[in-house]
Amino acid sequence: MHKVRIQFSKDGALKFIGHLDFLRVFQQALRRSGLPVAYSQGFNPHILLSFALPLPLGMASLHDYADLTLAESTDMENARVRLQEYAPLGLTVLTIWEADGRSAAAVTEAADYILTVKEAEITTVRQAVHELLAAKEYIIAKKTKGGIKDTDIRSDIIDIKSNGNVVTMRLSAGSGRFLNPMTVAAILLGRDTAACEMIRAELFKKEGEILKPLY
């Protein structure tokens, strides 16, 4: 068995399908590619494929990651080309490499999001960024498994940068801690975020005290 990691981007109509449907689309592309994928054991075997972190519905990604197990060794660039050939429109396979150690889902601890705001909102957002970063705590009512509770989200806001009408947010993300980027966008914009334009740019793991991209 050979474990590989796939870096890809997701855009277009694909961003409007849910995580489970996207999983099926990805598996279909893998089957059509003819790559020597490995399957699980049992009554209903499936391709051994998992994603680092599901995307919110309607959000595109620049750099996303999946772990795949192959039944035999293969050339990584050839594998990328073959998978891209059968990938649906909106899925771009950027690179594939041999991976070892913990899964992408297990090591992911943060994510970068890029929020584009309206010209009329730039001054308001810039002030909101300043106030949020200056705050020692920021309490919101957050839905948890135990119900709605007051939660301090400040420690999950790693950094926010505002440059013109583009805001870059680095937030906690992963199985351990996760801060919904739409929650922060709503704080910055002071309004409903249903129509806001946001993409997820990168996922990060920790090496010591340093955050590094998953690639």
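Rings of Phe, Tyr and Trp (its six-membered ring) form a pair if their centres lie within 6.5 Å; planes under 30 degrees apart are called stacked, over 60 edge-to-face and the rest tilted. The model is predicted: local features need pLDDT of at least 70, side-chain atom pairs count only at pLDDT 80 or more, and totals for chains, interfaces and linings use all residues. Residues are numbered from 1 along each chain as its sequence is written, and side-chain values use heavy atoms, with hydrogens and water left out.

**Exercise 1. Aromatic rings**

Task: Determine which residues form one aromatic cluster, and describe the pair of Phe26 and Phe51.

Solution. Step 1: the structure holds seven aromatic pairs. In one of these, Phe26 and Phe51 meet edge-to-face, with 5.5 Å from centre to centre and 75 degrees between the planes.

Step 2: place the two rings. Phe26 belongs to helix α1 (residues 19-33) and Phe51 to strand β2 (residues 49-51), so their pair ties together parts that are 25 residues apart in sequence. Helices (H or I, at least four residues) and strands (E, at least two) are DSSP runs, numbered from the N terminus.

Step 3: assess burial, where buried means under 20% relative accessible area, exposed over 50%, and partly exposed in between (1.4 Å probe, protein chains only). Phe26 is buried at 0%, and Phe51 is buried at 11%.

Step 4: assemble the cluster, which consists of Phe8, Phe22, Phe26 and Phe51.

**Exercise 2. Charges over rings**

Task: State which ring lies beneath the charged end of Lys10, and which beneath that of Arg170.

Solution. Step 1: apply the criterion, by which NZ of Lys or CZ of Arg is within 6 Å of the ring centre and within 35 degrees of the ring normal.

Step 2: the charged end of Lys10 sits over the ring of Phe22, 4.2 Å from its centre. Phe22 is also one of the members of the aromatic cluster.

Step 3: for Arg170, the ring is that of Phe204, with 4.1 Å between the charged end and the ring centre.

**Exercise 3. Surroundings of Leu211**

Task: Locate Leu211 and list its contacts beyond four places in sequence.

Solution. Step 1: Leu211 lies in strand β11 (residues 210-213) and is partly exposed, with a relative accessible area of 22%.

Step 2: with contact taken as heavy atoms within 4.5 Å, Leu211 touches Ala110, Ile158, Arg170, Phe204, Lys205 and Lys206, leaving aside neighbours within four places in sequence. Arg170 and Phe204 are the residues of the charge-over-ring arrangement at 4.1 Å.

Step 3: compare sequence with space. Leu211 and Glu109 are 102 residues apart along the chain, and their C-alpha atoms are separated by 8.3 Å.

**Exercise 4. The largest cavity**

Task: Characterise the lining of the largest cavity.

Solution. Step 1: define the object. On a 1 Å grid over the protein atoms alone, a cavity is a set of points where a 1.4 Å probe fits but cannot get out, and lining residues have an atom within 4 Å of a point.

Step 2: the whole structure yields one cavity of 30 Å³ or more.

Step 3: the lining comprises Val4, Leu35, Leu68, Leu70, Thr74, Met76, Ala79 and Ile96. At least two lining residues come from each of β3 (60-70) and α2 (76-86).

Step 4: classify the lining. Ala, Val, Leu, Ile, Met, Phe, Trp, Tyr, Cys and Pro count as nonpolar, Asp, Glu, Lys and Arg as charged, and the others, Gly among them, as polar. The result is seven nonpolar residues, one polar and no charged.

Note on methods
On a 1 Å grid over the protein atoms alone, a cavity is a set of points where a 1.4 Å probe fits but cannot get out, and a pocket is an open set with protein on both sides within 12 Å along at least five of seven lines; lining residues have an atom within 4 Å of a point. Grid points are joined across faces, edges and corners, and a volume is the space filled by probe spheres set on the points.
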